[in-house]
Amino acid sequence: MSDAVLEVKNLNAFYVNHGLLGKRTVKQILFDINFSVSEGEILGLVGESGCGKSTLSKTILGLHTDYDGEIIHYTSRPQMVFQDPKGSLNPAKTVEWIVEEPLRAYGKYSREERKERVMDMLEKVGLGPEYADRKPRELSGGQRQRVGIAVALIQKPRFVIADEPVSALDVTIQAQILELLLQLRHEFDLSYLFISHDLNVIRQISDRVIVMNEGRIVEQGSPQEVFHSPKTDYVKKLISASLI
């Protein structure tokens, strides 16, 4: 697909356990997963806890390697925004150090160039220069998530996986972070795979939706198709539960 940023074809993922006396057990987690993400698209991935969402995201980014099938990236340096920004940010370092770290690892920029890019990125995620010297414990949950987004975008990726990025935030802050992600999509020409267990969040932000259950895709289509004309009993139950 010429306009795709990602294609996943016939993906099966496994957890392999090497037990005592050399005994090896294999548990399949993902079953025959097929989908693509188009340029500029927000593809929402929804499902209950334990359905395989996180395993899928880790496999796509190369963090889980026991799989077969094809994962084709059409962009370089895909990144992830994590669910728990507090857990993903180094508590001993300042915001400036944390956001700059991917640029240091990349090794392409001078110290002055790195600092300029970091300050510009902090401004773009809604954090002024006064936040540069703060540490994660001095920030609110929403501010920490903004730092996490800055870290993900500092190398200018074109494809980002957002793994439950607002689930740890209250409703008001959730709305602000979702609005920020939409704004950044247009500014940086981003495509997202947006993962959540919350149907209401997926409804708000997605151009297209995939529903997973027990490691399989059970429905996919536009939000209108999936949420207003569900084809499976599982999706009907999810929708009913979200309205309670």
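**Helix H5 and a three-stranded sheet**

Q: How many of the 13 residues of H5 are buried?
A: Buried means under 20% relative accessible area, exposed over 50% and partly exposed in between (1.4 Å probe, protein chains only). This is a predicted model: local features need pLDDT of at least 70, side-chain atom pairs count only at pLDDT 80 or more, and totals for chains, interfaces and linings use all residues. Residues are numbered from 1 along each chain as its sequence is written, and side-chain values use heavy atoms, leaving out hydrogens and water. H5 comes out mostly covered, with a buried count of 11.

Q: What does H5 reach from its first C-alpha to its last?
A: Helices (H or I, at least four residues) and strands (E, at least two) are DSSP runs, numbered from the N terminus. The expected span is 1.5 Å times one less than the number of residues, which gives 18 Å for H5 (141-153). The model comes close to that, at 19 Å.

Q: Which strands stand at the edges of the open sheet?
A: Strands pair if DSSP finds at least two bridges between them. Here the order is S2-S1-S4, paired antiparallel. Two strands have a single partner each, so one side of each lacks a neighbour in the sheet: S2 (24-38) and S4 (67-73).

Q: Which residue in S4 is the bridge partner of Leu-6?
A: S1 (4-18) and S4 run antiparallel, joined by six bridges. Leu-6 has as its partner in S4 His-73.

Q: Which strands does H1 touch?
A: Contact means heavy atoms within 4.5 Å. H1 (53-60) packs on the sheet, its direction making about 110 degrees with that of S1. Axes are lines fitted to C-alpha atoms, for helices over the stretch in contact, and angles run from 0 to 180 degrees between N-to-C directions. The strands touched by H1 are S1, S2 and S4.
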